[in-house]
Amino acid sequence: MGPVMIRTYDLWKQYEDEGHDGMALRGINLEIKKGQIVTLFGKSGSGKTTLLNLIAGLDVPTKGRVEIDGRDIEALGEAGRTLLRRNKLGFVFQFFNLLPTLTALENIMLSLELAGMNDKRPALEALEHVGLAGKEGRFPHELSGGEQQRVAIARALVKKPPVILADEPTGNLDSATGTQILDLLVKRCRDNEATLIMVSHALNTCEYADRVLRMIDGRIVEERSCEDLAR
Ligand SMILES: Nc1ncnc2c1ncn2[C@@H]1O[C@H](COP(=O)(O)OP(=O)(O)OP(=O)(O)O)[C@@H](O)[C@H]1O
Ligand SMILES: [Mg+2]
């Protein structure tokens, strides 16, 4: 396969608040190729969100480093990391996905505007791609959970970023809706040749993935197949 898109070298993270004695990450070495679709599994507290935040440059490692598309993100500085996130990364967060005072369209436009694009067409198109044409004027509280999550996915995809990080994109959805959302997310990533890391507890997510990684207590084990996950 092609070039490496995401690489981590011996990544460690210890949060600095009192009462937290453990390490959230204990030496993560990852190499994810362009266009790969990766599922990240693991118990609550195993370090999944921490890892995604470090890859996105939203938090800094205690030790080790992250490279996106061959560039050390620490060397980019705060301003460079902000640009990287605006231009190259799509993020679907675990909680609080949408801004409640903005409509579906405005939530998506915000992401485009931050990257210097003011045209509404790609935003409307992205909503159409996730099956929400006609609902662009709705506020998040006027949408179902699955619809809100689809807006969040449209927002992550609208700039066609080379990297998408999705933290439990189907977390609060029933399994039928969850499957639809995963189909959609994976299909859009394949179409755009985007690299996707998605956190998920649902066993069926491994069917979509090229690779399945399991996190245990801040470390990563690569699984060979879906069957391994059922253990
Ligand atoms: N901001 C923080 N300050 C202090 N400790 C934190 C912070 N964020 C996470 N932790 C701790 O780091 C560890 C890993 O947390 P993380 O959120 O990465 O887990 P997770 O795998 O995403 O869990 P979940 O499946 O519940 O979302 C946990 O022990 C957690 O308590
Ligand atoms: Mg988490």
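E193 sits in the loop that joins α6 to β8, where helices (H or I, at least four residues) and strands (E, at least two) are DSSP runs numbered from the N terminus. Although E193 is not a glycine, its phi is positive, at about 55 degrees, and at 53% relative accessibility the residue counts as exposed; buried means under 20% relative accessible area, exposed over 50%, and partly exposed in between, with a 1.4 Å probe and protein chains only. The model is predicted, and for that reason local features need pLDDT of at least 70 and side-chain atom pairs count only at pLDDT 80 or more, while totals for chains, interfaces and linings use all residues. Residues are numbered from 1 along each chain as its sequence is written, chains are lettered from A and ligands numbered from 1 in the order in which they are written, and side-chain values use heavy atoms, with hydrogens and water left out.

A second loop, between α5 and β7, holds K160, which has a positive phi of about 50 degrees without being a glycine and is exposed, with a relative accessible area of 53%. Most residues other than glycine have a negative phi, and most peptide bonds are trans. Positive phi values also occur at glycines that follow helices: G57 comes just after α1, and G131 follows α4. The four residues are set out below.

| Residue | Place | Phi |
|---|---|---|
| G57 | just after α1 | about 75 degrees |
| G131 | after α4 | near 80 degrees |
| K160 | loop between α5 and β7 | about 50 degrees |
| E193 | loop between α6 and β8 | about 55 degrees |

The interior can be described through its nonpolar cores, a core being a set of buried Ala, Val, Leu, Ile, Met, Phe, Trp, Tyr and Cys residues joined through side-chain atoms within 4.5 Å. The largest nonpolar core has 34 residues, and those with the most contacts inside it are V151, C189, L196 and M198. At least two residues of this core come from each of α3 (104–114), α4 (121–129), α5 (145–157), β7 (163–167), α6 (175–192) and β8 (195–199). Apart from it lies another core, of 26 residues, which includes L25, L51, A56 and F91. If neighbours within four places in sequence are set aside, V151 is in contact (heavy atoms within 4.5 Å) with L98, A104, I108, L127, L132 and L143.

Among the residues of α4, A123, A126 and L127 are buried. They cover an arc of only 100 degrees around the axis, which puts them on the same side of α4; the arc is that of the directions from the helix axis to the C-beta atoms. These buried residues pack against α3 and α5, whereas the face of α4 turned away from them carries the exposed residues R121 and E128.

Helix α2 has buried residues in G80, R81 and L84, and, seen down the axis of α2, its buried residues fall within an arc of 100 degrees, so they line one face of the helix. They pack against β4 (63–68) and β6 (89–92), while E78 and A79, on the other side of α2, are exposed. The twelve residues of α2 (residues 77–88) should span 16 Å at 1.5 Å a residue, and the end C-alpha atoms are indeed 16 Å apart, the expected span being 1.5 Å times one less than the number of residues. Helix α1 (residues 48–55) is largely enclosed by the rest of the structure, because seven of its eight residues are buried, namely K48, T50, L51, L52, N53, L54 and I55.

The largest pocket has a volume of about 450 Å³. On a 1 Å grid over the protein atoms alone, a pocket is an open set of points where a 1.4 Å probe fits, with protein on both sides within 12 Å along at least five of seven lines, and lining residues have an atom within 4 Å of a point. Of the 18 residues that line this pocket, the closest to its centre are F91, F93, S111, L114 and R155. The elements α2, β6, α3 and α5 each supply at least two lining residues, and α3 gives the most, with four.

Finally, R219 belongs to strand β10 (residues 219–223) and is partly exposed, with a relative accessible area of 45%. Its C-alpha atom is separated by 8.1 Å from that of G47, 172 residues apart along the chain.

Note on methods: Points joined across faces, edges and corners; volume = space filled by probe spheres on them.
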